Amino acid sequence: MDLQYIVREPEHITSKTPLLILLHGFGSNEQDLFSFAPTLPSDWLIVSFRAPFDTTYEGYSWYDIDLMDEENRIDVAQAKESQEAILENILKISNQYGLTENQTHLCGFSQGGILSYSLALNNPDLFTKVACMSCYAEEKLLTHMVKDKKKIEKLRFFISHGTDDAIIPLDWGRKAADMLYEMGAFFSFREYMSGHGVNQKNYMDLMDFFGK
């Protein structure tokens, strides 16, 4: 499945140019997180994907959700299809630009953050820095989670959550941080006085995470 995307290319691209993949939330589009691009490192290649499924109102989704069904809250088949599409498209883009010795990073918000968790924990060799904002780790997407501590230790996570998030409870975000702690992963977990969104302090901390 070919995903639509927008890209910001650095002035010079080499085999070591870092690649950052942006994954938006439910009902949004590829323009959303792409607004971060001006303050991200200028020598990075930045790609913002559009999710493949239409939503009822506007925007796009990585998978359907049913908040009324606790047992089957997410469409697992669609989520796994999206994951595979993301991995395939990352590979295509890496080949297109000749990125053979680079680091690949992930940044996802809400639904995009949920997929960032599963992409990184299922494929730790492929990624380095992973930002998961206003989200949680979905166990149904972690069926192939790598347990090798040496591989997990190579990842760096930035996790943020609003204290007044009415969409994804703060406790769910904390539970994901606890899981990373038990796995021996390196992460920072930060709570902000906000709802389901990214406030100014969160944004500044995120830029600091990617700028190091």
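What follows is a chat between a trainee and a mentor about a predicted model.

Trainee: Let's start with the sheet. What is the order of the strands in the open sheet?
Mentor: This is a predicted model, so keep that in mind throughout. The open sheet has 7 strands with mixed pairing, and its twist averages 15° from one strand to the next. Reading across, the order is β1-β3-β2-β6-β7-β8-β9.

Trainee: Which strands sit at the edges?
Mentor: Look for strands that pair on one side only. In the order β1-β3-β2-β6-β7-β8-β9, the edge strands are β1 (5–8) and β9.

Trainee: Take β1, then. Which residue of β3 is the bridge partner of Y5?
Mentor: β1 is joined to strand β3 (residues 45–49) by 4 bridges, and the two run antiparallel. Within β3, the partner of Y5 is F49.

Trainee: On to the helices. At about what angle does α2 run to β3?
Mentor: Helix α2 (residues 76–97) lies across β1, β2, β3 and β6. Its buried residues, among them A79, I86, L87 and I93, are covered by elements including β4 (53–54) and α3. Relative to β3, α2 runs at about 150°.

Trainee: How far apart are the end C-alpha atoms of α2?
Mentor: Count the residues: α2 has 22 of them. At 1.5 Å a residue the helix should span 32 Å, and the model agrees, because the end C-alpha atoms are indeed apart by 32 Å.

Trainee: And α6, what does its length look like: what span should its 12 residues have?
Mentor: Helix α6 covers residues 200–211, and the rule is again 1.5 Å a residue. The distance between its end C-alpha atoms agrees with the expected span, which is 16 Å.

Trainee: Which strands do the buried residues of α6 pack against?
Mentor: The buried set in α6 is N202, Y203, D205, L206, M207, F209 and F210. The helix lies across the sheet, running at about 170° to β7. The strands that those buried residues pack against are β2 (19–23), β6 (104–109), β7 (129–133), β8 (156–162) and β9 (186–192).

Trainee: D205 is in that list. Which residue of α6 meets D205 in a salt bridge?
Mentor: The partner lies 4 residues from D205 in the helix, about one turn. Residues three or four places apart point the same way, because an α-helix has 3.6 residues a turn. The N to O distance is 2.8 Å, and the partner is K201.

Trainee: D205 also bridges R190. How many residues apart in sequence are the parts that this pair ties together?
Mentor: The side chains of R190 and D205 meet at 3.3 Å, N to O. R190 lies in strand β9 and D205 in helix α6, so the pair ties together parts whose separation in sequence is 15 residues.

Trainee: Is D205 buried or exposed?
Mentor: Its salt-bridge partners first: K201 has 45% relative accessibility and counts as partly exposed, and R190, at 32%, is partly exposed too. D205 has a relative accessible area of 10%, and the cut-off is under 20%. So D205 is buried.

Trainee: What is the N to O distance in the salt bridge of K151 and D125?
Mentor: This pair links distant parts of the chain, with K151 in helix α4 (residues 149–152) and D125 in the loop between α3 (111–122) and β7, 26 residues apart. K151 is partly exposed at 30%, whereas D125 is exposed at 53%. The N to O distance is 3.5 Å.

Trainee: How many salt bridges does the structure hold?
Mentor: We have met K151 with D125, R190 with D205 and K201 with D205. For the structure, the total is 9.

Trainee: Now the aromatics. What is the angle between the planes of Y117 and F157?
Mentor: Y117 is in helix α3 and F157 in strand β8, 40 residues apart, and both are buried. Their centres are 6.1 Å apart, and the pair counts as stacked, which needs planes under 30 degrees apart. The angle is 25°.

Trainee: Which residues form one aromatic cluster?
Mentor: A search of the whole structure finds 7 aromatic pairs. Two members of the cluster, F209 and F210, are buried residues of α6. The cluster is formed by W44, F158, F209 and F210.

Definitions and conventions: Residues are numbered from 1 along each chain as its sequence is written. This is a predicted model: local features need pLDDT of at least 70, side-chain atom pairs count only at pLDDT 80 or more; totals for chains, interfaces and linings use all residues. Side-chain values use heavy atoms; hydrogens and water are left out. The expected span of a helix is 1.5 Å times one less than its number of residues. Buried means under 20% relative accessible area, exposed over 50%, partly exposed in between (1.4 Å probe, protein chains only). Contact means heavy atoms within 4.5 Å. A salt bridge is a side-chain nitrogen of Lys or Arg within 4 Å of a carboxyl oxygen of Asp or Glu. Two strands pair if DSSP finds at least two bridges between them. Axes are lines fitted to C-alpha atoms, for helices over the stretch in contact, and angles run from 0 to 180 degrees between N-to-C directions. Rings of Phe, Tyr and Trp (its six-membered ring) pair if their centres lie within 6.5 Å; planes under 30 degrees apart count as stacked, over 60 as edge-to-face and the rest as tilted.
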